[in-house]
Amino acid sequence: MRHQKVPTVKRQVIQIKRELSLPLIAIELTSNINGCFSLYCTNLPDKLRKHDLRSSLYTLFSTYGTVLDVVAMKTNKMRGQAHIVFKDVQASTQALRALQGFDFFGKQMVCLFQCGTLR
């Protein structure tokens, strides 16, 4: 008995034009997102304290499902970025769709799926 090859995952590129003359952003969403429980968010305000940023993100994202962890660092390399880890895929998908371009403390948030482990 021979094993059949598993078809490769097709990627869809969705282009979103931002309001207020922001640049055109291409976001890659995979059609099979099994295992993508976390979101990578960027364009976050860097003037907030770390504790305030984490608690605000937790409050915002927990409306869409159980949030296990919010990772936000204030180093020069990670400033204005955060990783939000959800309990299940449905919650992360729903949060991504609802909060894409959300005005978060005066800046429009950009969210992507973060498939893999956080180091």
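Asp69 is partly exposed, with a relative accessible area of 33%. In this predicted model, the side chain of Asp69 meets that of Arg54 in a salt bridge, 3.5 Å from N to O. The two partners come from distant parts of the chain: Asp69 sits in strand S4 and Arg54 in helix H1, 15 residues apart. Arg54 is partly exposed too, at 34% relative accessible area.

What makes such a pairing possible? Side chains of opposite charge can pair when their charged atoms come close.

How many salt bridges does the structure hold? There are two. The other one joins Asp52 and Arg49, whose closest N and O atoms are 3.2 Å apart. Asp52 counts as partly exposed, at 26% relative accessibility, while Arg49 is exposed, with a relative accessible area of 58%.

Here are the four residues of these salt bridges side by side.

| Residue | Relative accessible area | Class |
|---|---|---|
| Asp69 | 33% | partly exposed |
| Arg54 | 34% | partly exposed |
| Asp52 | 26% | partly exposed |
| Arg49 | 58% | exposed |

**The chain as a whole**

Time to step back a little. The chain has two helices and eight strands. Going along the sequence, they come in the order β-β-β-α-β-β-α-β-β-β. The chain has 119 residues, and 33% of them count as buried. Take the contacts between residues at least 6 apart in sequence: 58% of these join residues at least 24 apart.

**Helix H1**

Now for the helix that holds Arg54. Helix H1 covers residues 50–61, which makes 12 residues. At 1.5 Å a residue, H1 should span 16 Å, and its end C-alpha atoms are indeed 16 Å apart, so the two values agree.

Which residues of H1 are buried? They are Leu53, Leu57, Leu60 and Phe61. Looking down the axis of H1, you would find these buried residues within an arc of 85°, so they line one face of the helix. There is a simple reason for this kind of spacing: an α-helix has 3.6 residues a turn, so residues three or four places apart point the same way. On the other side of H1, His51 and Thr59 are exposed.

And what do the buried residues of H1 pack against? Quite a list, as it turns out. There are the strands S3 (38–42), S4 (67–71), S5 (82–86), S6 (103–104) and S8 (110–114), plus helix H2 (89–99).

Just before the helix comes a loop. Leu48 lies in that stretch, between S3 and H1. Leaving aside residues up to four places away in sequence, Leu48 touches Leu53, Lys74 and Phe105. Leu48 and Gly80 are 32 residues apart in sequence, yet 9.4 Å apart in space, going from C-alpha to C-alpha.

**Aromatic pairs**

The rings come next, with a count of two aromatic pairs. One of them is formed by Phe61 and Phe86, which meet edge-to-face, with 6.1 Å from centre to centre and 65° between the planes. This pair ties together distant parts of the chain, since Phe61 belongs to helix H1 and Phe86 to strand S5, 25 residues apart. Both Phe61 and Phe86 are buried.

The other pair is Phe104 with Phe105, again edge-to-face, at 4.9 Å centre to centre and 85° between the planes. Are these two buried or exposed? One of each. Phe104 is buried, with a relative accessible area of 5%, whereas Phe105 counts as exposed at 53% relative accessibility. Phe105 is also one of the residues that Leu48 touches.

**Two cysteines, no disulfide**

Last up are the cysteines. A disulfide is a covalent bond between the sulfur atoms of two cysteines. How many disulfides does the structure hold? The count is zero.

Why is Cys41 not bonded to Cys111? The sulfur of Cys41 has its closest cysteine sulfur in Cys111, 3.1 Å away, and that is too far for a bond, because the two sulfur atoms would have to lie within 2.5 Å. Cys111, likewise, is in no disulfide, and the nearest cysteine sulfur to it is that of Cys41. As for their surroundings, Cys41 counts as buried at 0% relative accessibility, and Cys111 is buried as well, with a relative accessible area of 0%.

Note on methods: Residues are numbered from 1 along each chain as its sequence is written. This is a predicted model: local features need pLDDT of at least 70, side-chain atom pairs count only at pLDDT 80 or more; totals for chains, interfaces and linings use all residues. Side-chain values use heavy atoms; hydrogens and water are left out. Helices (H or I, at least four residues) and strands (E, at least two) are DSSP runs, numbered from the N terminus. The expected span of a helix is 1.5 Å times one less than its number of residues. Buried means under 20% relative accessible area, exposed over 50%, partly exposed in between (1.4 Å probe, protein chains only). The arc is that of the directions from the helix axis to the C-beta atoms. Contact means heavy atoms within 4.5 Å. Rings of Phe, Tyr and Trp (its six-membered ring) pair if their centres lie within 6.5 Å; planes under 30 degrees apart count as stacked, over 60 as edge-to-face and the rest as tilted. A salt bridge is a side-chain nitrogen of Lys or Arg within 4 Å of a carboxyl oxygen of Asp or Glu.
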